[in-house]
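Hi everyone, thanks for making the time. I'd like to walk you through a structure that is new to most of us, so please have a look at the screen.

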Amino acid sequence: MATRLTESAEYAHLWSTPRLRAVFDERLQTWLDILVALAAAQAELGLIPAAAAGQIAEHARAERLDLEFVAVETRRTSHSTLGLIRGLQRLLPEPAREYVYYGATVQDLTDTWFGLVMRDVGRLVQDDLTRTHGSLLRLAALHRDTVMSGRTHGQPGAPITFGFKVVTWADEVARHLVRLSEGAERWSVGQLAGAVGVLGFFEPHGQELRGRFCARLGLHDPLLSWTSARDRVAEFGTVLSMVAATLARIGDEVYELQRPEIAELSERTAQDAVGSITMPHKRNPETSEHLDTLARLARAASSVLVEGMTGGHERDGRAWKAEWAALPDVALAAGTAAALAADLVDGLVVDADRMRENLGKTSWASERVLAELSRHLGKHRAQELMQEALHADADLVTALASSGVADPARLARWTARPELATAAAMVDAVVARGTPGVQR
């Protein structure tokens, strides 16, 4: 049985995806692959025998390890990776055993793994955001002229179009796609630092070794050891928490506009989904609601990664060991949110008739009327007169006509229909720009 509810068979699907789980479930084999790459690069430079590197590559398979032995040795030695080293040594012939983990440190292994995790999770999130962005652009174009209430402070205000609302989501998602693309080179890096970062064990081949090592893993060479410079991990976690927050903003809109008393949007629901076992009529906004839950977890975990930037001297276990727990948490939360949001937007149901109906229940034209009156009376005088008239009657046209502030003919022209050419133009601009990195 899983210790954490989020990892249980019943609920794990809410907190991860199969592709995300694969990144972390394969951690042990990935660590072994890193050791294989290190040995191969060292053999190329004559630092270890080529035969030893070949034997390490042949035997470094997670399924061959005695994991109980590895765990016992890890606890017995109080060292993070000595159990793994000794477990691998038991699989190797005598000459090769001395060249396992040759000159490397715990951080060389775990930070390089982080580089691979950030690269791979970043790509997964980018894929799902690209899918979300494409769906948002199509939705915005379809509802370019679908009029609805714009809402401020939770209350109906002036008219907008649903397409305009959607392109504000799309524009924000597009910026995240740019952030993920631009940041990948910074955080998809390896680590080979040695004891205090100057690669003294590998003199005079340290820098060349690091470059070869990173290249074998498909990572960038950081050019400089980063054992205490944790900004890469903090940046990655922060960007993912921002991604999750944007998706929560979209989810919150769907959550609110799905309420039956508004009923302008609804999310696609599986036929077998049960909203409530005590109130069968309910259709709960499960997906949109969960986006907010995931964003809260992502923000909390990313704050731990930012705290790690204050590590001391050339190595500080207080900082980077906390990352071992926090980085997977933010990656799983944000990555799952990206996958859920793509499905949510793709299946979103829009009730354009209800949007127009709800708009008609409000004094939607007050901003337009204020603008027209301001040309004749001055803005602040017009504001005062409208406030006084509306205190007497909640209906805008009736209030203004009866107070003599504006004649009925003018009021009829000003309140005939919403004028939203600017909203449509902004929708067109964002749709025409397309998705970053995707050819149109």
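Let's start with Leu370: is this residue buried or exposed? Its relative accessibility is 16%, and the cut-off for buried is under 20%, so Leu370 counts as buried. Please keep in mind that what we are looking at is a predicted model. You'll find Leu370 in helix H14, which covers residues 366-377. What does Leu370 touch, once we set aside the neighbours within four places in sequence? The contacts are Lys379, Ala382, Gln383 and Met386. For a sense of distance, take Val72: from Leu370 it is 298 residues away in sequence and 76 Å away in space, C-alpha to C-alpha.

That brings me to the chain as a whole. Its C-alpha trace spans about 100 × 50 × 40 Å along the principal axes. The radius of gyration is 29 Å, while a compact globule of 440 residues would come out near 22 Å. In secondary structure, we have 18 helices and 4 strands. Of the 440 residues, 48% count as buried. If you take the contacts with a separation of 6 or more, 75% of them are between residues 24 or more positions apart. As for the surface, the chain exposes about 21800 Å², and 53% of that comes from carbon and sulfur atoms.

Now a second buried residue, Ser302. It sits in helix H11, residues 286-307, and with a relative accessibility of 7% it counts as buried. Beyond the neighbours within four places in sequence, Ser302 is in contact with Gly237, Thr238, Ser241 and Val330. Gly237, Thr238 and Ser241 fall within the range of helix H10, residues 231-257, and we'll meet that helix again in a minute.

On to the strands. Strand E1, residues 147-152, and strand E2, residues 155-161, run antiparallel and are joined by 5 bridges. One example is Met148, whose bridge partner in E2 is Ile160. The hairpin has 2 residues between its strands, and there His153 takes a positive phi near 55°.

Next, the aromatic rings. How many aromatic pairs are there? The count comes to 9. One of them is Trp187 with Phe236: the ring centres are 5.2 Å apart and the planes meet at 70°, so this pair is edge-to-face. It also links distant parts of the chain, since Trp187 is in helix H8 (residues 162-187) and Phe236 is in helix H10, 49 residues apart. Both partners are tucked away: Trp187 counts as buried at 1% relative accessibility, and Phe236 counts as buried at 0%. Another pair is Phe201 and Phe202, with centres 5.3 Å apart and planes at 75°, so that one is edge-to-face too. Phe202 is buried, at a relative accessible area of 1%.

Rings can also join up into a group: Phe24, Trp31, Trp113 and Phe114 are linked by ring pairs into a cluster. Trp31 has a charged visitor as well, because Arg27 lies over its face, 4.4 Å from the ring centre. Elsewhere, the charged end of Arg90 sits over the ring of Phe69, at 3.9 Å from its centre.

That's my tour. Thanks for listening, and I'm happy to go back to any of these spots with you.

Conventions:
Residues are numbered from 1 along each chain as its sequence is written. This is a predicted model: local features need pLDDT of at least 70, side-chain atom pairs count only at pLDDT 80 or more; totals for chains, interfaces and linings use all residues. Side-chain values use heavy atoms; hydrogens and water are left out. Buried means under 20% relative accessible area, exposed over 50%, partly exposed in between (1.4 Å probe, protein chains only). Contact means heavy atoms within 4.5 Å. Two strands pair if DSSP finds at least two bridges between them. Rings of Phe, Tyr and Trp (its six-membered ring) pair if their centres lie within 6.5 Å; planes under 30 degrees apart count as stacked, over 60 as edge-to-face and the rest as tilted. A charge sits over a ring if NZ of Lys or CZ of Arg is within 6 Å of the ring centre and within 35 degrees of the ring normal. The radius of gyration is taken over C-alpha atoms; the globule rule is 2.2 Å times the number of residues to the power 0.38. Accessible areas come from the Shrake-Rupley method with a 1.4 Å probe; for residues, only the protein chains shown count as cover.
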